[in-house]
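Subject: The structure we talked about

Hi,

Here is the structure I promised to pass on. Have a look at it first, and then read my notes below.

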Amino acid sequence: MDPSQLRPFNSYGAPEWLSRGYYADVEFRCRDCHEEHTWTAEAQKWYFEVAKGVVWGQASRCRTCAAVERARKAEARRVWAEGLAKKRARQGEEG
Ligand SMILES: [Zn+2]
């Protein structure tokens, strides 16, 4: 691991993996499909050092469910933006 690549955090204690000095595979249960998955050491390195995830972050969804969740959020944002645009247009007509 390369701690200099980590997102800065105020260090009131470090996460276990950081004081240990290396990443290790972590077993976790996906919160959506409730299946056991492995958050691999490799994936953690990417998450913390490349994606700059918060050092206290933990895996909560498997890859599949995370993709579904991302799509759901993107769609929600799109609908929200569309609604806002419509509202603005209406206000423009009235005003
Ligand atoms: Zn899942």
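What share of the contacts in the chain with a separation of 6 or more comes from residues 24 or more positions apart? It's 52%. Keep in mind as you read that this is a predicted model.

**The overall picture**

The chain has three helices and two strands. Starting at the N terminus, the order is α-β-β-α-α. It is divided into two domains, with domain 1 covering 1-61 and domain 2 covering 67-95. Their C-alpha centres sit 34 Å apart.

How does the chain compare with a compact globule of 95 residues? Such a globule would have a radius of gyration near 12 Å, whereas this chain has 20 Å. Along the principal axes, the C-alpha atoms fill a box of roughly 65 × 35 × 20 Å. Buried residues are 5% of the 95 in the chain.

**The hairpin**

Now find β1 (residues 26-29) and β2 (residues 36-39), which run antiparallel and are joined by four bridges. Two pairings are easy to look up: phenylalanine 28 stands opposite histidine 37, and arginine 29 has glutamate 36 as its bridge partner. While you have the strands on screen, here is a handy rule: in a regular strand, side chains alternate between the two faces of the sheet.

Together β1 and β2 make a hairpin, with six residues between them. Histidine 34 belongs to that loop. What is its phi? The value is positive, about 60°, although histidine 34 is not a glycine. Is histidine 34 buried or exposed? It counts as exposed, because it has 9 C-beta neighbours inside 10 Å, and the cut-off for exposed is 12 or fewer.

**A second positive phi**

Lysine 52 is another residue to click on. It lies in the loop between α2 (41-50) and α3 (63-94). Its phi is positive too, about 55°, and lysine 52 is not a glycine either. With 12 other C-beta atoms within 10 Å, lysine 52 is exposed.

**Helix α3**

What should the 32 residues of α3 span at 1.5 Å a residue? The expected span is 46 Å, and the end C-alpha atoms of α3 are 47 Å apart, so the two agree. How many of the 32 residues of α3 are buried? The number is zero, so α3 lies largely in the open.

Glycine 83 is a good residue to try this on, as its place is in α3. It has 10 C-beta neighbours inside 10 Å and therefore counts as exposed. You could also pick out proline 15, which is 68 residues away from glycine 83 along the chain. The C-alpha atoms of these two residues are separated by 42 Å.

**To sum up**

If you keep just a few things in mind, take these: the chain has a radius of gyration of 20 Å, β1 and β2 form a hairpin, and α3 has zero buried residues.

Have fun exploring!

Note on methods. Residues numbered from 1 in each chain as written. Predicted model: local features only at pLDDT ≥ 70, side-chain atom pairs only at ≥ 80, totals over all residues. Domains from an automatic or database assignment. Pairing = 2+ DSSP bridges. Buried ≥ 20, exposed ≤ 12 C-beta atoms within 10 Å, placed from the backbone. Rg over C-alpha atoms; globule rule 2.2 N^0.38 Å. Contact = placed C-beta atoms within 7 Å. Expected span 1.5 Å × (residues − 1).
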